[in-house]
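Trainee: I would like to learn how to read a structure like this one. Where should we begin?

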Amino acid sequence: MLLLFDIDGTLLVKGADAHAAAVVAALCEVWEVEPPPRAHGVEAAGRTDQAIARDILELAGVPAEEFERRRDDFIFATASHYERLVPDDLSDRLAPHATEVLAQVTEHPSYHCSLVTGNIQQVARLKLGAAGILYPFAEGQGGFGSDSDDRNDLPPIARMRAGQLWNGGDAWPAERTVVIGDTPRDIACARADGALVVAVATGPFAADQLAEADVVLEDLRELDAALASLS
Ligand SMILES: [Mg+2]
């Protein structure tokens, strides 16, 4: 079973302040705009960094084509600003039971751990490193907000990469993949790919708003049992 963990709201809670600041600093650097006050209203939960940035830029009067043209500069700038801004220690932002559950699934002989997150790849790795939970996630694995602006593209990308390592080069099968996330968008990206999905109510959405998932949990504590029920 391939486990595709989301980060914000799932493995970490309220750990995105420096990340949001890095995105804003990158927008200022690349397009020389100050994000307008209404940028605070741009929805972030479950969305990719690219999609959030494009919306903020549009509010600032920068057209979408301009974003496309300098997308790579934005990704590079966000990663370097985050490297400067990331707190040394994010372990106080770990979601309840995240550490013990990751230890459990990492040791499980038939589980492979990977990521599906709207975070830009380098931001994701720096963030998990600062929280002390980077070790289950091999470099080069996962689907990230730097790979696409559409979250629905990310599970197939993660399965393709997982196949290089664990399936003889063929994409890892969707029916043996579980997305673990905290928003309806995590559920939607799993469904779009034909993967299973476990939702956790540790982000901005309550359990009843996540009822479309195969399993809904209050937090990660019962994840191992939930995965066993799906296997
Ligand atoms: Mg999330």
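Mentor: Begin with one pair of residues: L2 stands opposite H112 in strand 2. Keep in mind that the model is predicted.

Trainee: Which strands does that pair belong to, and over how many bridges do they pair?

Mentor: Strand 1, residues 2-5, pairs with strand 2 over four bridges, in the parallel sense. Another pair in the ladder is F5, whose bridge partner in strand 2 is L115.

Trainee: What is the order of the strands in the sheet?

Mentor: The order is 2-1-3-4-5, in an open sheet of five strands with parallel pairing. Strand 2 (112-115) and strand 5 (215-217) are the edges, each pairing on one side only. On average, neighbouring strands in this sheet are turned by 20 degrees against each other, with direction ignored.

Trainee: How do I read the two faces of a strand?

Mentor: Start with the general idea. In a regular strand, side chains alternate between the two faces of the sheet. Now take the case here. Strand 2 has H112 and S114 on one side, and C113 and L115 on the other; all of them are buried, and both faces are covered.

Trainee: Which helix lies across strand 2?

Mentor: Helix 7, residues 154-166, lies across strand 1, strand 2 and strand 3 (177-181). Helix 7 runs at about 140 degrees to strand 2. Helix 8 also packs on the sheet, where it touches strand 3 and strand 4 (196-200). The direction of helix 8 makes about 175 degrees with that of strand 4.

Trainee: How do I find the buried side of a helix?

Mentor: Again, the general idea comes before the case. An α-helix has 3.6 residues a turn, so residues three or four places apart point the same way. In helix 5, residues 98-107, the buried residues are A98, V101 and L102. They lie on the same side of helix 5 because they cover an arc of only 100 degrees around the axis.

Trainee: What do the buried residues of helix 5 pack against, and which exposed residues are on the face turned away?

Mentor: The buried residues of helix 5 pack against helix 9 (223-230). The face turned away from the buried side carries E100 and E107, which are exposed.

Trainee: Which residues are buried in helix 2?

Mentor: In helix 2, residues 49-59, they are D49, Q50, I52, A53, R54, I56 and L57. These buried residues pack against helix 1 (17-31), helix 3 (64-69) and helix 4 (71-85).

Trainee: What can I learn from phi angles?

Mentor: Most residues other than glycine have a negative phi, and most peptide bonds are trans. Look for the exceptions. E32 has a phi near 55 degrees, a positive value in a residue other than glycine. H97 also has a positive phi, near 70 degrees, and is not a glycine. A glycine can be noted as well: G61, just after helix 2, takes a positive phi of about 90 degrees.

Trainee: Where are E32 and H97 found?

Mentor: E32 is in the loop between helix 1 and helix 2, and H97 is in the loop between helix 4 and helix 5.

Trainee: Is E32 buried or exposed?

Mentor: E32 counts as exposed because it has 8 C-beta neighbours inside 10 Å, and the limit for exposed is 12 or fewer. H97 is partly exposed, with 17 other C-beta atoms within 10 Å.

Trainee: How is the chain divided into domains?

Mentor: The domain assignment gives domain 1 (2-13 + 90-230) and domain 2 (17-85). Their C-alpha centres lie 24 Å apart. In the contact between them, 19 residues of domain 1 meet 15 residues of domain 2. On the domain 1 side, helix 6 (121-131) and helix 8 (184-193) are the elements that give two or more residues. Helix 6 gives the largest share, four residues. By class, that side of domain 1 has five nonpolar, nine polar and five charged residues.

Trainee: What is A130 in contact with, leaving aside its neighbours within four places in sequence?

Mentor: A130, which lies in helix 6, is then in contact with V86, P87, D88, D89 and L90. A130 is partly exposed, with 19 other C-beta atoms within 10 Å. A residue needs 20 or more to be buried.

Methods. Residues numbered from 1 in each chain as written. Predicted model: local features only at pLDDT ≥ 70, side-chain atom pairs only at ≥ 80, totals over all residues. Domains from an automatic or database assignment. Contact = placed C-beta atoms within 7 Å. Nonpolar A, V, L, I, M, F, W, Y, C, P; charged D, E, K, R; others polar. Pairing = 2+ DSSP bridges. Axes fitted to C-alpha atoms, helices over the stretch in contact; angles between N-to-C directions. Arc of directions from axis to C-beta.
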